[in-house]
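These are my notebook entries on a single structure. I record what I looked up, entry by entry, with the cut-offs I applied.

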Amino acid sequence: MLKIQKFAAIDIGSNAVRLLISNIIEQDDEPTIFKKNSLVRVPIRLGADVFLKGEISEYNQERMIDTMKAFSLIIKSHGVTRYKACATSAMREAKNSAPLSEKILETCGISIETIDGEEEAAIIAATDLQSFINPNRTYLYVDVGGGSTEFSIIHNGIKKMSRSFKIGTVRLLNDIVKSETWQELELWIKENTKQYDKIELIGSGGNINKIFKISGKDIGKPLTYFYLTSYYKMLQNYSYEERITKLNLNQDRADVIIPATRIYLSAMKWSGAKDIYVPKIGLSDGIIKSMYYETVSSVVV
């Protein structure tokens, strides 16, 4: 018997806000299928406000409310049975995030849960990575966001540890990442990967997804450290305007793609990884999966 449900995940990031709607397809004695139905991305860039001024501007508060109204209507029109909205780094740090969340609940009917960095890393790492990885290998999983980057060590298919660092693309663009934070990250990566003979990276986030798409690589094939280094140098030879007009990057991607690539390259250098795999998953995928598994476990109980 075939059963299809629709779940929605809202990821309120420091660079962009995303709505993912997925079909959950269940069949008797068959693995559940998670099929992306719709993805809407709005580049509000909350972090540009929060990391510099400590709060979300009136202008971006209005944009957030308008976006959530639109998301609410899309969720309704799709016939979504369950949704979850998670806010990350920028909303965690904004002085006025609580009143904004309350206003969004009142006007849009959307309840926002602000999660910490460790929970964010755990949700992302729970995105059924087993279907993307070799259970006999060791990986450093790196999810680059606008306000923070989440790191997880996965050995023989088991997550050994996770850590969130306040190193993100929007913070780097605004030059507000301390050298001590970089040093702390370098030490954490080296200390936690040195025991493994060989380690590979798994990268997630809009920027590495874009780079992978541009590379023309087949799904499941990795990008090499050499390729990513060459691409990073090439990006720096173009101005912001040229990255839009000549490299065909969206205006909200053309600036953050450079600091994002720097983070991935640093992680590869410090871990000794030669390859980076790009499975095209992220927080919104993890939210969908976690909602589904919560539903299944409650039914089983």
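**Entry 1. The β7 hairpins.** I began with the turn between β7 and β8: the two strands form a hairpin with two residues between them, and N156 in that turn has a positive phi of about 50°. I take strands (E, at least two residues) and helices (H or I, at least four) as DSSP runs, numbered from the N terminus. Strand β8 covers residues 158-165 and pairs with β7 in the antiparallel sense over seven bridges. Two strands count as paired if DSSP finds at least two bridges between them. Within this pairing, I153 stands opposite M161 in β8.

On the other side of the record for β7, I noted strand β6 (residues 138-144), which pairs with β7 in the antiparallel sense over seven bridges. Here the bridge partner of L140 is I153 in β7. A hairpin of four residues joins β6 to β7. I then asked how many residues of strand β7 (residues 149-155) are buried. Six of its seven residues are buried, and I entered the strand as mostly covered. Buried means under 20% relative accessible area, exposed over 50%, and partly exposed in between (1.4 Å probe, protein chains only).

**Entry 2. Basis of the values.** The model is predicted: local features need pLDDT of at least 70, side-chain atom pairs count only at pLDDT 80 or more, and totals for chains, interfaces and linings use all residues. Residues are numbered from 1 along each chain as its sequence is written, and side-chain values use heavy atoms, with hydrogens and water left out.

**Entry 3. The five-stranded sheet.** I looked up the strand order and found an open sheet of five strands, β3-β2-β1-β4-β5, with mixed pairing. Its edge strands are β3 (33-42) and β5 (112-114), each of which pairs on one side only. Neighbouring strands of this sheet are turned by 25° against each other on average, direction ignored. For axes I use lines fitted to C-alpha atoms, for helices over the stretch in contact, and angles run from 0 to 180 degrees between N-to-C directions. Strand β2 (residues 17-27) pairs with β3 in the antiparallel sense over nine bridges. I noted one pair of residues there: L20 has L39 in β3 as its bridge partner.

**Entry 4. Helices α8 and α11.** At what angle do the axes of helix α8 and helix α11 cross? The axes of α8 (residues 206-215) and α11 (residues 257-271) cross at roughly 90° and come within 9 Å. The two helices are therefore roughly perpendicular to each other; the classes are under 35 degrees for roughly parallel, over 145 for roughly antiparallel, 65 to 115 for roughly perpendicular, and oblique for the rest. N207, I208 and I211 of α8 make the contact with I257, A260, T261 and Y264 of α11. Contact means heavy atoms within 4.5 Å. By class, I recorded five nonpolar, two polar and no charged residues in this contact. Ala, Val, Leu, Ile, Met, Phe, Trp, Tyr, Cys and Pro count as nonpolar, Asp, Glu, Lys and Arg as charged, and the others, Gly among them, as polar.

**Entry 5. Two buried residues.** M91 lies in helix α3 (residues 89-93). M91 is buried because its relative accessible area is 1%. Not counting residues up to four places away in sequence, M91 touches I12, L46, I56, S97, L100, S101 and T114. The C-alpha atoms of M91 and G47 are separated by 8.3 Å, although the two are 44 residues apart along the chain.

D255 sits in the loop between α10 (240-245) and α11. With a relative accessible area of 17%, D255 also counts as buried. Leaving aside neighbours within four places in sequence, I found D255 in contact with R45, L173, Y240 and R243.

**Entry 6. Positive phi.** Phi of D175 is near 55°, a positive value in a residue other than glycine. D175 is found in the loop between α6 (169-173) and α7 (179-193). Is D175 buried or exposed? D175 counts as exposed, because its relative accessibility is 68%.

K280 is not a glycine, yet has a positive phi of about 60°. Its place is the loop between β11 (275-277) and α12 (283-300). At 33% relative accessibility, K280 counts as partly exposed.

**Entry 7. Cysteines.** I searched for disulfides (pairs of cysteine sulfur atoms within 2.5 Å) and found zero. C86 is in no disulfide, and the nearest cysteine sulfur, that of C108, is 17 Å away. C86 counts as buried at 0% relative accessibility, and C108 counts as buried at 9%.
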